[in-house]
Amino acid sequence: MEHSNLVCLGGGHGLGRLLVSLRESGPRLTGIVATTDEGGSTGRLREEAETIAWGDLRNCLSQLCTLDGIGQRLFEYRFQTQGELDGHNLGNLVLFALDQLSVRPTDAIRIMRDMLNIKSHLLPMADSPTTLMAQTVALPDCEANILVGELSIDDSDEDIDHLYLEPQVLAGPEAISTIGYADAIILSAGSFMTSIMPSLMVANIRDAINQSSAVLILVVNIKEEHLGGDLVLTFAKQIELLEKAGIRSLDHILWPANRDLSAQNLAKYPITQVDMKPCERGLHNEEALKAAIFAVL
């Protein structure tokens, strides 16, 4: 299945790692990237103007860039000044400038792909800005809380009942068409609620995945994800969130061999244990990840 059309969903470093591992697929590889980040440079831009979050898109562009030298370094350059530019990333500002020139975010990314000599495709989950929201599980005699934004969700020590977007947005036609032609749809490793789930909250992306005949694959993180306080995001909670979002059942779950796995989960779900050969930063080995994906296609 080396010539499969692959669609990967996620955000940040996890999706970038997955895309790099599969980039030999060239134009048959597409990343659909979450646009709800609110931290750092991209968060400041969102506060100043009505724009999508560019940080995860920029990160994926940078990781996929095949140019050596000044081109990539310039795109990733972060200002160190005493003024308002301090901490801003030049790549974010370039993408933001294109947006301000009324270039659709989808087209802005295409322009940067061409400049950085990237063969694979990258698409935002939506061209319009939106915020990731969460409703917590209500405690006895208490009302549920509403959490606004990725930072509050990741830092919360309350159990999350479900996630949603405010306002609701739709993906562009390019993303929906790409999912329709996919042979495999891969949910990347990474921060599950704030990197993987946002794109799945977009109604026409969810419907396209559910109507697709492509195999649906989840790449499990090397380690369990820790949230606020002592709260751990369990595998059972991930499955629950996918079900509440209305996403169809997973066809394959790639589980790192270094991580504990209960016999009950192994029997209940389509899990394949894989030696991901994690690096010191806790990231999947690119070749091991690629081999594991193609092995189940």
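Is E240 buried, partly exposed or exposed? Select E240 and color by accessibility: E240 is partly exposed, with a relative accessible area of 27%. Bear in mind as you click around that this is a predicted model.

**Stop 1: helix α11**

Stay where you are and add K237 to the selection. K237 and E240 both sit in helix α11, three residues apart, or about one turn of the helix. In an α-helix there are 3.6 residues a turn, so residues three or four places apart point the same way. Draw a distance between the two side chains and you get a salt bridge, 3.1 Å from N to O. The two ends of this pair differ in accessibility: K237 is buried, with a relative accessible area of 10%, while E240 is partly exposed at 27%. Buried here means under 20% relative accessible area, so K237 falls on that side of the cut-off.

**Stop 2: from α11 over to β6**

Now slide along to K244, still in helix α11 (residues 235-244). Show D161 as sticks too: the side chains of D161 and K244 meet in a salt bridge, 2.8 Å from N to O. This pair links distant parts of the chain, with D161 in strand β6 and K244 in α11, 83 residues apart. Both ends count as partly exposed: D161 has 22% relative accessibility, and K244 has 43%.

**Stop 3: the network around R104**

Next, select E174 and R104. Their side chains form a salt bridge at 2.5 Å, N to O. Here again distant parts of the chain are linked: E174 belongs to helix α8, R104 to the loop between α5 (90-100) and α6, and their positions lie 70 residues apart in the numbering. E174 is partly exposed, with a relative accessible area of 29%, and R104 is partly exposed too, at 28%.

Which residues join R104 in a network of salt bridges? Add D107, R110, D127 and E174 to the view: salt bridges that share partners join these residues and R104 into one network. If you'd like to hunt for others, the structure holds 13 salt bridges.

**Stop 4: backbone oddities**

Time to hide the side chains and look at torsions. Most residues other than glycine have a negative phi, and most peptide bonds are trans. Here are some exceptions to click on.

- P167: the peptide bond from E166 to P167 is cis, with omega near 0°. You'll find P167 in the loop between β6 (160-166) and α8 (173-181).
- N117: phi is positive, near 60°, in a residue other than glycine. Look for N117 in the loop between α6 (105-115) and β3 (121-124). N117 is partly exposed, with a relative accessible area of 33%.
- K277: phi is positive here as well, near 45°. K277 lies in the loop between β12 and α13.

**Stop 5: helix α13**

From K277, follow the chain into α13 (residues 286-295). At the start of the helix, zoom in on N285: one of its side-chain oxygens reaches to within 3.0 Å of the backbone nitrogen of E287.

Which residues of α13 are buried? Select A288, L289, K290, A292, I293 and F294. Then bring up what covers them, which includes the helix α1 (12-22) along with the strands β1 (6-10), β7 (184-187), β8 (215-219), β11 (252-256) and β12 (271-274).

Key. Residues are numbered from 1 along each chain as its sequence is written. This is a predicted model: local features need pLDDT of at least 70, side-chain atom pairs count only at pLDDT 80 or more; totals for chains, interfaces and linings use all residues. Side-chain values use heavy atoms; hydrogens and water are left out. Buried means under 20% relative accessible area, exposed over 50%, partly exposed in between (1.4 Å probe, protein chains only). Helices (H or I, at least four residues) and strands (E, at least two) are DSSP runs, numbered from the N terminus. Contact means heavy atoms within 4.5 Å. A polar contact is a pair of N or O atoms within 3.5 Å; within protein, one must be able to donate a hydrogen and the other to accept it, and residues adjacent in sequence count only if both atoms are side-chain atoms. A salt bridge is a side-chain nitrogen of Lys or Arg within 4 Å of a carboxyl oxygen of Asp or Glu.
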